[in-house]
Structure formats: C-alpha cells, structure tokens
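Colleague: I would like to learn how to read a model one feature at a time. Where do we begin?

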Amino acid sequence: MGKEGNLPLFETKVAKGRNLFKCYAASVFVGIIFICVYRAIHFPAANGQVLRRWAWIGLFLSELWFSLYWFVSQFSRWNPIYRYTFKDRLSQRYEKVLPGVDIFVCTADPTIEPPIMVINTVLSVMAYNYPSHKLSVYLSDDGGSDLTFYALLEASRFSELWLPFCRKFKIEPRSPAAYFSSTPQLNDCNPPMPQDWFSVKKAYEDMKNRIETTTRLGRISEEIRKEHKGFLEWEYVATRQNHPSIVQILIDGRDGKAVDVEGQPLPTLVYLAREKRPQYHHNFKAGAMNSLIRVSSKISNGSIILNVDCDMYSNNSELVRDALCFFMDEEKGQEIAYVQFPQNYNNLTRNDLYGTDMKVIETVEFPGMDACGGPCYVGSGCFHRRDTLCGMKYGKECERVWKREYDRENRESASVLEESCKVLASCTYEENTQWGKEMGLKYGCAVEDIITGLSIQCRGWKSIYSRPDRSGFLGVVPTTLLQSLVQHKRWSEGQFQIFLSRHSPFVYGHKKIPLNLQFSYSPYSLWASTCLATLYYVTVPPLCLLRGVSLFPEISCLWILPFAYVVVAKYSYSLGEFLCSDGTIQGWWNEQRAWVYRRTTSYLFAFLDTILQLLGFVELSFVITAKVSDEDVSRRYEQEVMEFGSPSPMFTILATLAMLNLFCFVWSVQRVVVDVQDRALESLALQIILCGVLVLINLPLYQGLFFRKDKGAMPTSVTYKSVALALLACAIALY
Ligand SMILES: O=c1ccn([C@@H]2O[C@H](COP(=O)(O)OP(=O)(O)O[C@H]3O[C@H](CO)[C@@H](O)[C@H](O)[C@H]3O)[C@@H](O)[C@H]2O)c(=O)[nH]1
Ligand SMILES: [Mn+2]
C-alpha cells in the first residue's frame, strides 16, 4: 500500500467569493434595520387613520416575517463546500473488499407509474459498474400489481443482454429507454458496435411492446401466467389495498446459473409487495422502505443501501463508487451516515415554467448545509449505511472494518427465503417494535425523508452532499401547474409538521446538531407559514390603493432608499445565484412566479391542513405525483404554455389575486393619468409599482383566463368566480 494508503478518498473545497457575499448580506441586514426604523417612527397617528393604522401593523408584521425568513436563509449560503472523490484510489485499495450494496426502488401505482418506466429504472441500477455478486436490487410495489411483476420478470431476462452490453461499450446512461432515445454516435465507438447495438435495441423494443400491450390490456394472459410460479401469488390478492405479502426472488445472485449471456454473474433481483390490509395504516413510502430494509437484511444484507424512486433512473454508472469513497475514507468515513446526491430531471424545458428544478437549492443551499454538518436526506438518490438507518447511534464502536470479504451467509434456498421474508413484510410485524420510531424511516410525516435524516444527524452522525459532474439520477418533474402545486403542498406540509412537532430542528436538534445546521433547516420548515405574510402583501397594499391609503414612503423621501436597496439587492443577488446555477433570465422570472403561486396556494393549504391535523380533524395523506401525461398536455408543456384546465380551488385563489391586482393597478394608473397634479400619488408610487409587478408576473394567468381556447385554458367557472370575488373585494375596500 505504501504512501498511497494515506491519501484520502475524497477532498473538500470551499466556494469562492464568499467575502463579497458577506458584504451583501451585511448591507441587506442594515437595509432591513432601516425599514424597521421607518415603520416604527412613521406609525400612523391614532386620529382618524384607523384603517391605515391596521394596514400598517399588518404590513410591518409581514415585513418582519420576511426579514426573519431572509435571515434564516443566509445560514446555508454562508460557506458552501464542494466534494470531490478519488475513485481510482478506492479501487486500488479496496476493490477486493467492496461492501454489498442493496438498492431499493419504490413504486406505488401501475397507472401513475407505468411498469415500463419502473423497469427502466431497475435496469439502470442493475447495470452499475460494481461487482454484480455484491449488488442486489429490490423493487417494492405498493400497487401490488401483477403488471409490474410481469414487467420485472421481463426485465430480469433482458438484463442478461443489457448488462454485458453496458459493460462492453461502457455506455451511459444505463436506462435502456434513455439510452436508445438519445442516438449514440455509432461510428465513434471503439470497438465498433452497430451489430450489438441493433440487436439489443430490437430486444428492448420487443420487450417494451410486450409490456405495454399487457399494461394496456390491464391483465396478464394465461400463457404469460404459466411462465413463472410468481403469478400464482395473485390468486390471494383481493384488491391493491388488501392482500398478503408477495416476495419473489427473480434472480438469486448465489445461484451459479444466474449469469448473463457472457457467463458473468447477475445481481440479485427481488420483487416485494408488502402485505396490505384495510385496517392497518401502511405509512406510504416510509412503510415500504422499512419492509425493504427487513426483507433485504434476510436476503443479501448489504451494508450500504441506496434508495431511488421508480422514475429516477441512474444516469451515472460510477456513482456507487463515488458514494463509497465517502463511507470508506479512513479518516472521515466512519462518522458519515448517508450521502445524498442531487435529484436532476430529464423532462425540464429550457425556462422551467413551473420552477420545479430547484437549481439554487442544489448548487448553493445543500453545499451550504453540508458545511454545517450535512445536508438533509431528500429521499431518492441517497446512500445510507444500513446500521444507521436501523437506528444505531454514533460512537467510537461504529468504526467499521471494511477489510472483510463480502459473503452471503444465508444458505437457505430461494423459496425458503421467500416464505420467511413474507413475515417480515406483514402488517403486524411492526406491532410493539421500534420500527417507524427509532428504527428505519419515521412514520407520521409527509416528508419521511427529512425527518429521518434529521434524527440520524441528531444521533451524532454526519452526512455528505456530493454533486459529480455527470448527474447521478434523472427523474421526471410534474408537467402541469396543479401537480406541481400539489407536490409542494405535501413537501411544505411535511416540513411544517416537523417544525411544530417535538422533532423540530430547534427542539430535538438542540445541542445535538450545530446551531447553524438547525437554522439551515428552517427556510424549508417555514415554507408553509410564509403564506400568511405573502397573502397579506399581495392583497392589502393593492386594496389600500383604491382608497388612496399610503403604506410606503413617498418617492422623493429619503426613506425610500432602504426599501429600494433591499429589494434591488435581494433580487439581483437571487438572479445572479440563479444564473450561476445554469439558469436563464426567463427561468428566474418563472421561478419567482412559482414562488408567489406556491406561497399563496400550496403553502396556504399545507398550513391549514397541518393545523387541522394537529387538532385531529384530518388524516395524513400522500398524493403520488403523476409521471406521465397525455399528448396534448405534453405538447403545451414543451412549448412552455401554462397548464390550468381544471377547476381547482387553488386556481380560484390564484385567479382572484391576479384579478384583484389588475383592477387595483388599472384604477390607480387611470388616476395618475387623470390628475397628474395630485400630490397624493407621490406617496402611492411604491404601491403602484408593487401592484404592477404582480400584474406582470401574472401575465400567463390572464392569458389562460381570457385569451386561450385550448384545453389547458382556465375553466370558465374559475374565470367567473375570480372576477366576481375580486370585484367584491374591491367594492368592500372602496365603500
Ligand atoms: O404509498 C406510497 C407512496 C409513494 N411511494 C413511492 O414514493 C416515491 C415518491 O413519490 P412521488 O409521488 O414521486 O413523490 P415526490 O414528491 O416526487 O418525491 C419526493 O418527495 C418524497 C417525500 O415526500 C420522497 O420520498 C421522494 O424520494 C422524493 O423524490 C415514488 O417512487 C412512489 O412510488 C410508495 O412507495 N408508497
Ligand atoms: Mn417523484
């Protein structure tokens, strides 16, 4: 080993230009103080200004809230760090003793998550550049669907062709659908590959046709049923929500006959549908993950666990090795509990209309959290140490010896294993155990990942965030406005739940994790509660315009400076950050709109739902995000035309706010034009600008309300309702 033995397996670099950032932050902070001073000393006198007084108090509170929010958002920006791995050192030192890795793929519904998409993800992770006999892939099917099982069976056969093909030509990405849809340069390949290429592509197309035909049919034909004993299990399946556990080992890695066309071993492949009974709560993805942890411990017991959602295929076949560089680093490795990789998407449009790709979180905030002790765990794309996930506390005894040959100890036959695993995936197994509490993923929260990651950090572990040049995972983002808002509702609700519970970073994390890490969690925890201040800001100042009630300093007054500075500095910085994260200007503008929309709908609903849940009026739910859309919707999505099309209450709110601002803006501009001399207007200038910006940001919405005829336009019922409500609000304000 010699000198090589001492070199670390990864290195950490700090971001540049932080001093500039610190100057910016300090100056905005001073600006905020000035605004507060202005609000305090210009507080409207009691005589005859009752309305103005109340509006002023509300505005002041909103601004205090925004200031607080801005303040807590700076912690994760203070000092971002970036990680780089040395995979060659890993191979040199550890190739022979690499640990077993278990990969969990979760799916929940064969219609929302088509089986062909699911198995593409499965194939992509089976094809990691990693010793196959140490790799095991588990598919958890909460849909309990024989269609998905059938697709997996097909995938197990196709993998015999696919894995050698990937190995031979070192192709990327290793999801067949993604690979074949991007035509590779056939001539550039060395050795030349046309012959293989066409035959593998044909085999894939054939398989795809078979799977899609069966999926469309909605049931498995008798002939197919005879192909595998596994289908017999469906005789006991009453419905999706009522069936015993199904465990099928489709490829047993220990079996000498489980080899690909080149005679190389295949990774283990297991299908799992945990037991579901109407009287037992299944705890959504967290429940599925915990069953997977137990079942896999019996079958392969890999010491590293990777979880991916069924729509997030592996885009980088080296990633397992990247992750191991962290875990196996001699000096810092033992304190690392999980390594989170970013979630990227392959269906984004150029300007990302709904702001779904959280660029800045990925390139600035998570690297910033990493510097404070570790990023949060965000589900898909995260590698965990099995022990930690199962509740182990950090301590000296956790030092791991990796120099052990990986060996599947269990010598039971596959069918015996299948039977014994069924018990582990049953509804009653967790009764009177710590599963869902101290062991595995935590239950009772809409973001099981965040709360689990936080509790791991509170047990003394560190985590790592790593962004290799080639994205590790590519998934799909929602393609309609409503889906995107609903997804944000779930996320913000979960985060807010954590904040209000005893697992809040400040309570549970107190003295257990660094203070700056506690603060770094808060912008997300407080997403939901920003709805109040935002709603206030987009309604009250415009309505006050109608009565000529001024809430901001006059345009010629010096007090305007702090307002102007804070707004200009904050948004220029945010634009800069966005552009540095590879965004476009239009994309940034779209993201600003997305934030306004989320804050006034998703976050409002999340806020209310969380309160109602606390009071025990409603139960936790999990709306699975759609992964496919019909052609019409996809076309509009690609053209970046906003999709409404359904009469959701969320849209009524958005449209009402947009109309309200339009009315107030038109009213006040008309006043400016009519009496140019009116001195009062000077004091309303900032309010008119605010209103005008809101009108600008809502342009696509007006289009959807009044000018579009396609199916994605706003339903007329929403148009009527929103116009009526906005007029009503204006009337009340005026009289
Ligand atoms: O009862 C359920 C519900 C969902 N899932 C799976 O969970 C995953 C995530 O669901 P999705 O609807 O795609 O949610 P997203 O909002 O896109 O997921 C993000 O947010 C989740 C937490 O809300 C994390 O668990 C995910 O990893 C993260 O990618 C999917 O693979 C589902 O199949 C289940 O296995 N069982
Ligand atoms: Mn998803």
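Modeller: Begin with one residue in its helix. Ser-668 lies in helix α21, residues 649-674. Keep in mind that this is a predicted model.

Colleague: Is Ser-668 buried or exposed?

Modeller: Look at the relative accessible area and compare it with the cut-off. Buried means under 20%. Ser-668 has 3%, so it counts as buried.

Colleague: What does the side chain of Ser-668 reach?

Modeller: The backbone oxygen of Phe-665, at 3.1 Å. Now recall the helix geometry. An α-helix has 3.6 residues a turn, so residues three or four places apart point the same way.

Colleague: Which residues does Ser-668 contact once neighbours within four places in sequence are left aside?

Modeller: Leu-545 and Ile-688.

Colleague: How do I read burial for a whole helix?

Modeller: Count the buried residues against the length. Take α14, residues 448-458: 11 of its 11 residues are buried. Polar side chains are on the list too, including Glu-448, Asp-449 and Gln-457.

Colleague: What follows α14?

Modeller: Gly-460, with a positive phi near 100 degrees.

Colleague: Glu-448 makes me think of the ligand. Which residues come nearest to ligand 1?

Modeller: Rank the surrounding residues by distance. There are 25 around ligand 1, and Asp-142, Glu-448, Arg-490, Thr-625 and Lys-627 come nearest.

Colleague: Which polar atoms should I look at next?

Modeller: Separate backbone from side chain. A polar backbone atom of Cys-106 is 2.8 Å from an oxygen atom of ligand 1. From the side chain of Lys-285, an N or O atom is also 2.8 Å from a ligand 1 oxygen. Gln-487 places a polar side-chain atom 3.0 Å from an oxygen atom of ligand 1.

Colleague: How much of ligand 1 does the protein cover?

Modeller: Compare the area of the ligand alone with what the protein covers. Ligand 1 has 690 Å² of accessible area on its own, and the protein covers 95% of it.

Colleague: Now strands. How do I trace a sheet?

Modeller: Pick one strand and list its partners. Try β7, residues 304-309, where 5 of the 6 residues are buried. With β3, residues 101-107, β7 pairs in the parallel sense over 6 bridges. With β11, residues 382-385, β7 runs antiparallel, joined by 4 bridges.

Colleague: Which residue of β7 is the bridge partner of Asp-102?

Modeller: Ile-305. In β11, the bridge partner of Ile-305 is His-384.

Colleague: And how do I recognise the edges of a sheet?

Modeller: Look for strands that pair on one side only. An open sheet of 3 strands has the order β8-β13-β10, with mixed pairing. Its edge strands are β8 (313-314) and β10 (344-345). Between β8 and β13, residues 473-475, there are 2 bridges, and the two strands run antiparallel. Tyr-313 stands opposite Leu-474 in β13.

Colleague: What about the nonpolar core?

Modeller: Ask which members touch the most others. The largest nonpolar core has 111 residues, and Tyr-128, Trp-162 and Phe-383 lead in this respect. Helix α5, residues 146-169, supplies the largest share of this core, 13 residues. There is also a second, separate core of 61 residues, which includes Leu-292, Tyr-338, Cys-382 and Ala-528.

Colleague: Which residues does Phe-383 contact beyond four places in sequence?

Modeller: Among them are Ile-304, Ile-305 and Leu-306. Leu-319, Val-320, Ala-323 and Phe-327 are also in contact with Phe-383. Tyr-338 is one of its contacts as well.

Colleague: Last topic: loops. Is Val-237 buried or exposed?

Modeller: Do not judge by the loop alone. Val-237 sits between α8 (222-227) and β5 (246-251). Its relative accessibility is 18%, so Val-237 counts as buried. Leaving aside neighbours within four places, its contacts are Gly-144, Asn-242, His-243 and Ile-246.

Colleague: Do you have another loop to set beside that one?

Modeller: Pro-514, in the loop between α15 (481-500) and α16 (515-525). Pro-514 has a relative accessible area of 38%, so it is partly exposed. Sequence and space can also be read together. Pro-514 and Leu-441 are 73 residues apart along the chain, and their C-alpha atoms are separated by 23 Å.

Conventions
Residues numbered from 1 in each chain as written. Chains lettered and ligands numbered in written order. Predicted model: local features only at pLDDT ≥ 70, side-chain atom pairs only at ≥ 80, totals over all residues. Heavy atoms only, no water. Core = buried A, V, L, I, M, F, W, Y, C linked by side-chain atoms within 4.5 Å. Buried < 20%, exposed > 50% of the residue type's maximum accessible area, 1.4 Å probe, protein only. Contact = heavy atoms within 4.5 Å. Near = heavy atom within 4 Å. Polar contact = N/O pair within 3.5 Å; in protein donor to acceptor, adjacent residues only side chain to side chain. Areas by Shrake-Rupley, 256 points an atom, 1.4 Å probe, with all protein chains shown as cover. Pairing = 2+ DSSP bridges.
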